[in-house]
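Student: I'm new to this structure, so please give me a close look at a single part: the largest pocket and the helices around it.

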Amino acid sequence: MNPEIIGFLAAILTTAAYFPQMVKVLRHKHTQSLSLGMYSMITTGIAFWFVYGIMIDSPSVIWANGITFVMAAIILFMKLRHG
């Protein structure tokens, strides 16, 4: 089995996991229960995973982390804005 298939399956699941949180934050603008430290670290880590995916030329790592970065950054922005 091609390792990229496993990578894309993992990418779909882990990326999709951010979607409900992002939608909830955008709808309700309630972020008090979210950890600023956690979202700061996870957003930075996802950015590094994205760069790593580019460096190793892995489409699954690039796409998953590119999309997840956008969602995590939106959540982080809302946390900073609505604390």
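**The pocket and its helices**

Tutor: Sorted by class, seven nonpolar (Ala, Val, Leu, Ile, Met, Phe, Trp, Tyr, Cys or Pro), six polar (the others, Gly among them) and no charged residues (Asp, Glu, Lys or Arg) line the largest pocket. The model is predicted, so local features need pLDDT of at least 70 and side-chain atom pairs 80 or more, while totals for chains, interfaces and linings use all residues. Residues are numbered from 1 along each chain, and side-chain values use heavy atoms, without hydrogens and water.

The pocket (an open set of 1 Å grid points where a 1.4 Å probe fits, with protein on both sides within 12 Å along at least five of seven lines) has a volume (space filled by probe spheres on points joined across faces, edges and corners) of about 200 Å³. Of its 13 lining residues (an atom within 4 Å of a point), A10, A11, T14, A64 and N65 are closest to the centre. The helices (DSSP runs of H or I, at least four residues) α1 (3-16), α3 (36-56) and α4 (59-82) each supply at least two of the lining.

Now see how these helices pack. α1 and α4 have axes (lines fitted to C-alpha atoms over the stretch in contact) 8 Å apart, at an angle of about 10°, which makes them roughly parallel (under 35 degrees). In their contact (heavy atoms within 4.5 Å), A11 is one of the α1 residues and A64 one of the α4 residues. The axes of α3 and α4 come within 8 Å and cross at roughly 155°, so this pair is roughly antiparallel (over 145). N65 of α4 is among the residues making that contact.

Methods
Axes are lines fitted to C-alpha atoms, for helices over the stretch in contact, and angles run from 0 to 180 degrees between N-to-C directions. Angles under 35 degrees count as roughly parallel, over 145 as roughly antiparallel, 65 to 115 as roughly perpendicular and the rest as oblique.
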